[in-house]
Amino acid sequence: VMNDIISTMFNKKFLEELFKPQDLYSKKALRTVYDRLAHASIMRLNQASMDKLYDLMTMAFKYQVLLCPRPRDILLVTFNHLDAIKDFISDSPGILNQVDETFRQLIETYNCLSDGEFQLIRQTLLIFFQDMHIRVSIFLKDKVQNSNGRFVLPISGPVPWGTEVPGLIRIFNQKGVEVKRAEFTTAGNYVTPQREGSFELYGDRVLKLGTNMYSVTRPVETQMSGSSKNLASQAKENIVPNPLAKEELKFLARLLGGLDIQNPSGGETGFRLNLFTTDEEEEHAAQTRPEELSYKVVNIEATQEPGRRAELSRILGELEVAEPRPSSADKGEDLLALMDGL
């Protein structure tokens, strides 16, 4: 299952589309891609479990972006994600090469950006998540999230790399010469970081954001906070059409076509993943979740319009590139092998 999902996520053609300069996805478009990736294997999730998984994923990523010591460290968080993914597929050299190629693309694309550009990226991501305040038990127990679903920014610990521990004020004259110093007491216990995390293909990232949250086994629950339930703006998002949604879904149609994931062949009948303790709890969650906050799967059908067929045929022709595959490759080798009609 992990091989199928990771192979789909890091498919060469899929990543080429993701790396093209473009506007941020809408929440609906992101959820559509997420559903496709989650079901790229024989695993299946019911609506309630999928909602819970998506809520957990979005809040975990919001937490990681929000608590980054400096904007550039978003890249270290991403590298932590990829390092963990590589551990999952360490015995699959073909898929491992796909992830390493993504590593190289990220380094080439983002290492050269300025701090100001990383700040713009961070602010754009936080704006995307600003109205999402879903309570997650693992964060509540660790005291990093309040009961209203908002995260707590620490006032102690290492300061961002390249900065000094607060507590000193320097005063300069008009010639730039320091003329006076004053000290003040800080509320937190700050320390200087020992070293900067590695931005290379291999190395110590130092930053722990983006690493395994489940190093200690414990149950994880997601629950909508009261503020989220009453947010009219969030409720309207699924009701009032997003002016950018049409263009974003057109992009998804170009990327995914109107095709469904292939049914598993052979004797595999698939299995269902339930993120709740019992089936009854899953059914209750599906019934009690507010309708305006439930995510709807967007089914893309782009093959019926005559005007689209020529364009899709051209795209499919471009996708039919013979790529070397490892002899041990199984189903789910790439995105194309998981779509009907290709």
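These legends cover the chain overall, a hairpin and a surface patch.

This is a predicted model, where local features need pLDDT of at least 70, side-chain atom pairs count only at pLDDT 80 or more, and totals for chains, interfaces and linings use all residues. Residues are numbered from 1 along each chain as its sequence is written, and side-chain values use heavy atoms, with hydrogens and water left out.

**View 1. The whole chain.** You get 13 helices and eight strands here (DSSP runs numbered from the N terminus: helices are H or I with at least four residues, strands E with at least two). Of the 342 residues, 40% are buried, meaning under 20% relative accessible area with a 1.4 Å probe and protein chains only; exposed is over 50%, partly exposed in between.

**View 2. The E4–E5 hairpin.** Strands E4 and E5 (residues 178–183) run antiparallel, joined by five bridges; pairing takes at least two DSSP bridges. Five residues sit between the two strands, and Gly 176 in the turn has a positive phi of about 85 degrees.

**View 3. Ile 171 up close.** Ile 171 belongs to E4 (residues 168–172) and stands opposite Lys 180 in E5. Its relative accessibility is 37%, so Ile 171 counts as partly exposed.

**View 4. A nonpolar surface patch.** Ile 171 joins Ile 169, Val 177, Val 179 and Phe 184 in a nonpolar patch, with about 420 Å² of accessible area together (Shrake-Rupley method, 1.4 Å probe; for residues, only the protein chains shown count as cover). Patch residues have over 30% relative accessible area and no salt bridge, with nonpolar side chains (Val, Leu, Ile, Met, Phe, Trp, Tyr) joined within 5 Å and like charges within 9 Å. A salt bridge puts a side-chain nitrogen of Lys or Arg within 4 Å of a carboxyl oxygen of Asp or Glu.
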